[in-house]
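Subject: Structure for your review

Dear colleague,

Please find below the structure that I am handing over to you. My findings follow directly after it.

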Amino acid sequence: MGDEIQLVELTAHADIFATGIGKVEILGSCVRFWFYAAQDSLGGVGSEHLVVSKLVIPIDKVPDTLQFALRGITANAAPWHPSPDTLTEMKRRTGH
C-alpha cells in the first residue's frame, strides 16, 4: 500500500491473536481497545472471552487508522468488504 510509513522494529514483538474487540474506553484524548480471544470455558459452560491485549491510541488517529486497515483488507483479503470510500460516502450521507 502506498501510504504505509517506514517502520523500525528494534526488538522482535510477538504477534497476538484476538477474536475481536470486546470493549472500547475513552481516556481523555485517547481510546483503549480491549482485544479478546474466545475459547471454550474450562468449566464446560459455554465460551469465555479472555483479554489478550489492550491497545491505547490517540482518538484523533482512530478514523485514519481504521481506513488504513480497511484499505489493506479490501485490497488483499476481502473483496466483499466495503471500501473506505464507500464508508466515507455512507458517513457523509448519514451525517456521522
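The secondary structure of the chain consists of two helices and three strands. Read from the N terminus, these elements follow the order β-β-β-α-α. Please note that this is a predicted model.

For the chain overall, 12% of the 96 residues count as buried. The accessible surface amounts to about 7,700 Å², and carbon and sulfur atoms account for 59% of that area. As for contacts between residues at least 6 apart in sequence, 28% of them join residues at least 24 apart.

Helix α1 covers residues 62-76, which is 15 residues. From its first C-alpha to its last it reaches 21 Å, close to the 21 Å expected at 1.5 Å a residue. Three residues of α1 are buried, namely V62, L70 and G72. They lie on the same side of α1, because they cover an arc of only 160° around the axis. The face turned away from this buried side carries D64 and A75, both of which are exposed.

I then turned to the charged side chains. Side chains of opposite charge can pair when their charged atoms come close. In this model the count comes to two salt bridges. One is formed by E25 and K23, whose closest N and O atoms are 3.9 Å apart. This pair qualifies because a salt bridge requires a side-chain nitrogen of Lys or Arg within 4 Å of a carboxyl oxygen of Asp or Glu. E25 also meets R32 in a salt bridge, with an N to O distance of 2.6 Å. K23, E25 and R32 are thus linked in a network of salt bridges.

How accessible are the residues of this network, K23, E25 and R32? K23 has a relative accessible area of 42% and is partly exposed. R32, at 23%, is partly exposed. E25 has 21% relative accessibility and counts as partly exposed; it is not classed as buried, because that term is reserved for values under 20%.

The surface also has a nonpolar patch of about 350 Å², made by I21, V24, I26 and I59. Of these residues, V24 is found in strand β1, which covers residues 20-27.

When you open the model, two places may serve as starting points: the salt-bridge network of K23, E25 and R32, and the nonpolar patch that includes V24 and I59.

Yours sincerely,

A colleague

How values were computed. Residues are numbered from 1 along each chain as its sequence is written. This is a predicted model: local features need pLDDT of at least 70, side-chain atom pairs count only at pLDDT 80 or more; totals for chains, interfaces and linings use all residues. Side-chain values use heavy atoms; hydrogens and water are left out. Buried means under 20% relative accessible area, exposed over 50%, partly exposed in between (1.4 Å probe, protein chains only). Patches are made of residues with over 30% relative accessible area and no salt bridge: like charges are joined within 9 Å, nonpolar side chains (Val, Leu, Ile, Met, Phe, Trp, Tyr) within 5 Å. Accessible areas come from the Shrake-Rupley method with a 1.4 Å probe; for residues, only the protein chains shown count as cover. Helices (H or I, at least four residues) and strands (E, at least two) are DSSP runs, numbered from the N terminus. Contact means heavy atoms within 4.5 Å. The expected span of a helix is 1.5 Å times one less than its number of residues. The arc is that of the directions from the helix axis to the C-beta atoms.
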